[in-house]
Amino acid sequence: GAEFVKQLQEGGYLEGPLRCPCTGGGYRGPAKDMNLLTDEDVIFCDEPGNHPDGSINILRRNGETGTLHPGDPAYATAIQATKAE
């Protein structure tokens with residue numbers, strides 16, 4: 001998680017610290033080497049505690065974004081694929 005964000009910052013892709021704009025809460029980055037992931041794998045999401053309903057905003061390796069709710073079948077997979085900062 002933290003190493004991924006550090007690389008994004010050093011590469012000039014992020015200008016400042018990464019925080020949820022709603023709560024200021026943390027984020028989760030890839031738990032595995034990104035070269036081993038498929039395009040559909042979630043590589044980045046915010047913490048479930050950032051939102052009252054437990055939802056997470058996600059970024060997939062292919063650049064797609066979205067929101068997953070706790071009842072969504074892909075939710076648990078996204079949490080497993082990422083780790084806290």
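A residue counts as buried when its relative accessible area is under 20%. Keep that cut-off in mind while we look at this predicted model, since it helps with a charged pair further on.

**The sheet**

Let's start with the strands. Five of them form an open sheet in the order E4-E3-E2-E1-E5, and their pairing is antiparallel. Strand E4 (65-68) and strand E5 (82-84) are the edge strands, each pairing on one side only. From one strand to the next, the twist averages 30°.

Inside that order, strand E2 (residues 42-46) pairs with strand E3 (residues 56-60) in the antiparallel sense, over three bridges. If you would like a spot to find on screen, try Cys45, which stands opposite Ile58 in E3.

**The salt bridge**

How many salt bridges does a search of the whole structure find? The search finds one. The partners are Arg28 and Glu47, and their closest N and O atoms are 3.6 Å apart. Arg28 belongs to strand E1 (residues 27-30), while Glu47 sits in the loop between E2 and E3, so the salt bridge ties together parts that are 19 residues apart in sequence.

Are these two partners buried or exposed? Here is where the opening cut-off comes in:

| Residue | Relative accessible area | Class |
|---|---|---|
| Arg28 | 12% | buried |
| Glu47 | 19% | buried |

Arg28, at 12%, is under the 20% limit and therefore buried. Glu47 also counts as buried, because its 19% is under 20%.

Conventions: Residues are numbered from 1 along each chain as its sequence is written. This is a predicted model: local features need pLDDT of at least 70, side-chain atom pairs count only at pLDDT 80 or more; totals for chains, interfaces and linings use all residues. Side-chain values use heavy atoms; hydrogens and water are left out. Two strands pair if DSSP finds at least two bridges between them. Helices (H or I, at least four residues) and strands (E, at least two) are DSSP runs, numbered from the N terminus. Axes are lines fitted to C-alpha atoms, for helices over the stretch in contact, and angles run from 0 to 180 degrees between N-to-C directions. A salt bridge is a side-chain nitrogen of Lys or Arg within 4 Å of a carboxyl oxygen of Asp or Glu. Buried means under 20% relative accessible area, exposed over 50%, partly exposed in between (1.4 Å probe, protein chains only).
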